[in-house]
Amino acid sequence: LFLSGRWVEGDLPRLGRTIAWAKDRGLKVVVFGPMVQYDSALPRLLAASITQNDPAIPYDHRVKAYQRLDAKMAALARDQWQVPYVSLFKLLCNQSSCTEYAAQGVPMQADFDHLTRDGSLLTAQRLQATGGLP
């Protein structure tokens, strides 16, 4: 059972109960963490970064609370829920930037947090390159 959503902190108790329910029924569970999110649509931020010649604009507009949520969910998955966890932040970001283009001129995301077709393919390729799903 793959569990993915537009997670917020308040979802975690319900998510824990869902995981327990699934495990009680013998289902294998994999939790996907939150997507990198921005305070404006990524294509708009990319356009601003081009017109203002400032490549840092998209990264500066990331909503940092989601990276903290990712770390919290990873710890819960490991220590409490005891299920495999896929961090989209680890797949798509490093210490100073996140992947913003899936291909030349093609944004990773269509809006605040939804992947484009090419963004989905690149994410799947990276997931596969890391050894696939746990």
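**Exercise 1. Find which residues form a nonpolar patch on the surface, then place Trp21.**

Step 1: Leu1, Trp21 and Leu27 form this patch, with about 300 Å² of accessible area together. Patch members have over 30% relative accessible area and no salt bridge, and nonpolar side chains (Val, Leu, Ile, Met, Phe, Trp, Tyr) are joined within 5 Å, like charges within 9 Å. A salt bridge would be a side-chain nitrogen of Lys or Arg within 4 Å of a carboxyl oxygen of Asp or Glu. Areas come from the Shrake-Rupley method with a 1.4 Å probe, and for residues only the protein chains shown count as cover.

Step 2: Trp21 sits in helix H1 (residues 12-24). Helices (H or I, at least four residues) and strands (E, at least two) are DSSP runs, numbered from the N terminus.

Step 3: Trp21 is partly exposed, because its relative accessible area is 45% (buried is under 20%, exposed over 50%, partly exposed in between).

A note on the model: it is predicted, so local features need pLDDT of at least 70 and side-chain atom pairs pLDDT 80 or more, while totals for chains, interfaces and linings use all residues. Residues are numbered from 1 along each chain as its sequence is written, and side-chain values use heavy atoms, without hydrogens and water.

**Exercise 2. Work out how the aromatic pair is arranged.**

Step 1: Searching the whole structure gives one aromatic pair. Its partners, Phe2 and Phe32, meet edge-to-face, at 5.9 Å centre to centre and 80° between the planes (centres within 6.5 Å; under 30 degrees is stacked, over 60 edge-to-face, the rest tilted; Trp counts by its six-membered ring).

Step 2: Phe2 counts as exposed because its relative accessibility is 53%, whereas Phe32 counts as buried at 15%.

How values were computed. Buried means under 20% relative accessible area, exposed over 50%, partly exposed in between (1.4 Å probe, protein chains only).
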